[in-house]
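This report walks through one protein model, beginning with a single residue pair and widening from there to the sheet, a loop residue and the chain as a whole.

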Amino acid sequence: MSTRVCLSVNATPVQVPEGATVAVAIALAGGAFRTSRGGEPRAPLCGMGVCFECRVRIDGIAQLRACMTPAREGMQVRTDG
């Protein structure tokens, strides 16, 4: 059995396997990563930190790439800025 990590995505508790990225947690929580200036939902395109479409706020720090950040126990992730 694999170890699970519990974190919060937009105040919703999410559990992911240890070693998963924040992008995985957001995908499991559902919803868009963020919205464009025009209001369209945005999501990761590349999955390797090049496109910057998965930028989120983690523990109060803005503009972090969810696809490159390992999920940690107790993390607070906000996808709305």
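In this predicted model, Arg-57 stands opposite Arg-78, a residue of strand E7. The pair belongs to the contact between strand E5 and strand E7 (residues 76-78), which run antiparallel and are joined by two bridges. Strand E5 covers residues 55-58, and its two faces differ in their surroundings: Val-56 and Ile-58 make up the covered face, whereas Arg-55 and Arg-57 lie on the uncovered one.

Strand E5 is also joined to strand E6 (residues 61-65), in this case by three bridges, and these two strands likewise run antiparallel. Together E5 and E6 form a hairpin with two residues between them, and in the turn Asp-59 has a positive phi of about 50°. The residues of E5 that stand opposite a named partner are collected below.

| Residue in E5 | Residue opposite | Strand of the partner |
|---|---|---|
| Val-56 | Leu-64 | E6 |
| Arg-55 | Arg-65 | E6 |
| Arg-57 | Arg-78 | E7 |

**The sheet and its helix**

These pairings are part of an open sheet of five strands, arranged in the order E2-E1-E7-E5-E6, in which the pairing is mixed. Its edges are formed by strand E2 (12-17) and by E6, each of which pairs on one side only. From one strand to the next, the twist averages 40°. Helix H1 (residues 22-29) packs on this sheet and touches strand E1 (4-9) as well as E2, E5 and E7, while the direction of the helix makes about 125° with that of E2.

**Thr-69 in the loop**

Where does Thr-69 sit, and is its side chain surrounded by residues distant in sequence or left without such contacts? Thr-69 has its place in the loop between E6 and E7, and, leaving aside residues up to four places away in sequence, it touches Thr-21, Val-22, Ile-58 and Met-75. Among these partners, Ile-58 belongs to the covered face of E5. A polar atom of the Thr-69 side chain lies 2.7 Å from the backbone oxygen of Arg-65, the residue of E6 that stands opposite Arg-55. Thr-69 counts as buried because its relative accessible area is 16%, which falls under the 20% limit used for that term.

**The chain as a whole**

The protein chain contains one helix and seven strands, and along the sequence these elements follow the pattern β-β-α-β-β-β-β-β. The radius of gyration is 12 Å, and this agrees with a compact globule, because a globule of 81 residues would have a value near 12 Å. Taken along the principal axes, the C-alpha atoms fill a box of roughly 40 × 25 × 20 Å. Of the 81 residues, 30% are buried, and the chain exposes about 4,900 Å², of which carbon and sulfur atoms supply 55%. Considering contacts between residues at least 6 apart in sequence, 36% join residues at least 24 apart.

Key:
Residues are numbered from 1 along each chain as its sequence is written. This is a predicted model: local features need pLDDT of at least 70, side-chain atom pairs count only at pLDDT 80 or more; totals for chains, interfaces and linings use all residues. Side-chain values use heavy atoms; hydrogens and water are left out. Buried means under 20% relative accessible area, exposed over 50%, partly exposed in between (1.4 Å probe, protein chains only). Helices (H or I, at least four residues) and strands (E, at least two) are DSSP runs, numbered from the N terminus. Two strands pair if DSSP finds at least two bridges between them. Axes are lines fitted to C-alpha atoms, for helices over the stretch in contact, and angles run from 0 to 180 degrees between N-to-C directions. Contact means heavy atoms within 4.5 Å. A polar contact is a pair of N or O atoms within 3.5 Å; within protein, one must be able to donate a hydrogen and the other to accept it, and residues adjacent in sequence count only if both atoms are side-chain atoms. The radius of gyration is taken over C-alpha atoms; the globule rule is 2.2 Å times the number of residues to the power 0.38. Accessible areas come from the Shrake-Rupley method with a 1.4 Å probe; for residues, only the protein chains shown count as cover.
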